[in-house]
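Thanks, everyone. I'd like to walk you through one protein chain today. Please have a look at it first.

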Amino acid sequence: MVAHSAGLLVYRRTADGPQVLLGHMGGPFWARREAGAWTVPKGEYGADERPEDAARREFTEELGVAPPEGELLSLGQVRQSGGKTVVAWAVRGEVDLDAVVPGTFELEWPRGSGTVRTFPELDRVAWFDLAAARDKLVTAQRTFLDRLAEQLH
């Protein structure tokens, strides 16, 4: 069964051009990675939930703050290398990075040790211009940047 995720790509306009808010994936697999280790805040949803509602809910769960209010710009969907389908929207706004308190997940680590540890879903968040974001994002999600850039011009 293919998993479906929904996410919000928050953007803001600066004198130097648009910036987007990305999260670095938490947990031991991503700890020492930078390129391709950042993501749009997102999460899975079921058939009983509207994807837009899931995107807002997941933003709050992953960052611990409410998403900005505003018009959602559809960025369509992409299929990630693992098979997951991600649908995303962009919303213009500000997020206070000091207020972010990420959600957590549990994982047996090291594998096979029997020790279950708690990790943040996103271990840090930051604003990036579109060029820097392209280098940081999971490969499939880079398409969202292209679609956002098209809508902003």
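The protein chain has three helices and nine strands. Keep in mind that this is a predicted model. In what order do the helices and strands come along the sequence? The pattern reads β-β-β-β-α-β-β-β-β-β-α-α.

Now the overall shape. The C-alpha trace spans about 50 × 35 × 30 Å along its principal axes. For 153 residues, a compact globule would have a radius of gyration near 15 Å. The chain has 15 Å, so the value agrees with that of a compact globule.

What about the surface? Its accessible area comes to about 8200 Å². Carbon and sulfur atoms hold 49% of that area. Of the 153 residues, 44% count as buried.

Next, contacts. Take those with a separation of 6 or more. Residues 24 or more positions apart account for 64% of them.

Let's zoom in on one strand, β2. That's residues 17–25. Is β2 mostly covered or mostly open? Mostly covered: eight of its nine residues are buried.

Which strands pair with β2? Start with β1, residues 4–14. A hairpin of two linking residues joins β1 to β2. The two strands pair in the antiparallel sense, over four bridges. Within this pairing, Y11 has V20 in β2 as its bridge partner.

Then comes β9, residues 122–129. β9 and β2 are antiparallel too, with seven bridges between them. Here G23 stands opposite V125 in β9.

There's also β3, residues 38–39. Two bridges join β3 to β2, again antiparallel. W38 in β3 is the bridge partner of H24.

A quick reminder about side chains. In a regular strand, they alternate between the two faces of the sheet.

Now one residue in β2: Q19. Why does Q19 count as buried? Because its relative accessibility is 19%, and the cut-off for buried is under 20%. What does its side chain do? It makes a polar contact with the side chain of R12, at 2.7 Å. Leaving out residues up to four places away in sequence, Q19 touches V10, Y11, R12, T14, W127, F128 and D129. Among these, Y11 is the bridge partner of V20 we met earlier.

One last stop, away from β2. Look at the loop between β7 (104–108) and β8 (116–120), where P110 is found. What kind of peptide bond joins W109 and P110? A cis one, with omega at about -5°.

That's my tour. Over to you for questions.

Technical notes:
Residues are numbered from 1 along each chain as its sequence is written. This is a predicted model: local features need pLDDT of at least 70, side-chain atom pairs count only at pLDDT 80 or more; totals for chains, interfaces and linings use all residues. Side-chain values use heavy atoms; hydrogens and water are left out. Buried means under 20% relative accessible area, exposed over 50%, partly exposed in between (1.4 Å probe, protein chains only). Two strands pair if DSSP finds at least two bridges between them. A polar contact is a pair of N or O atoms within 3.5 Å; within protein, one must be able to donate a hydrogen and the other to accept it, and residues adjacent in sequence count only if both atoms are side-chain atoms. Contact means heavy atoms within 4.5 Å. The radius of gyration is taken over C-alpha atoms; the globule rule is 2.2 Å times the number of residues to the power 0.38. Accessible areas come from the Shrake-Rupley method with a 1.4 Å probe; for residues, only the protein chains shown count as cover.
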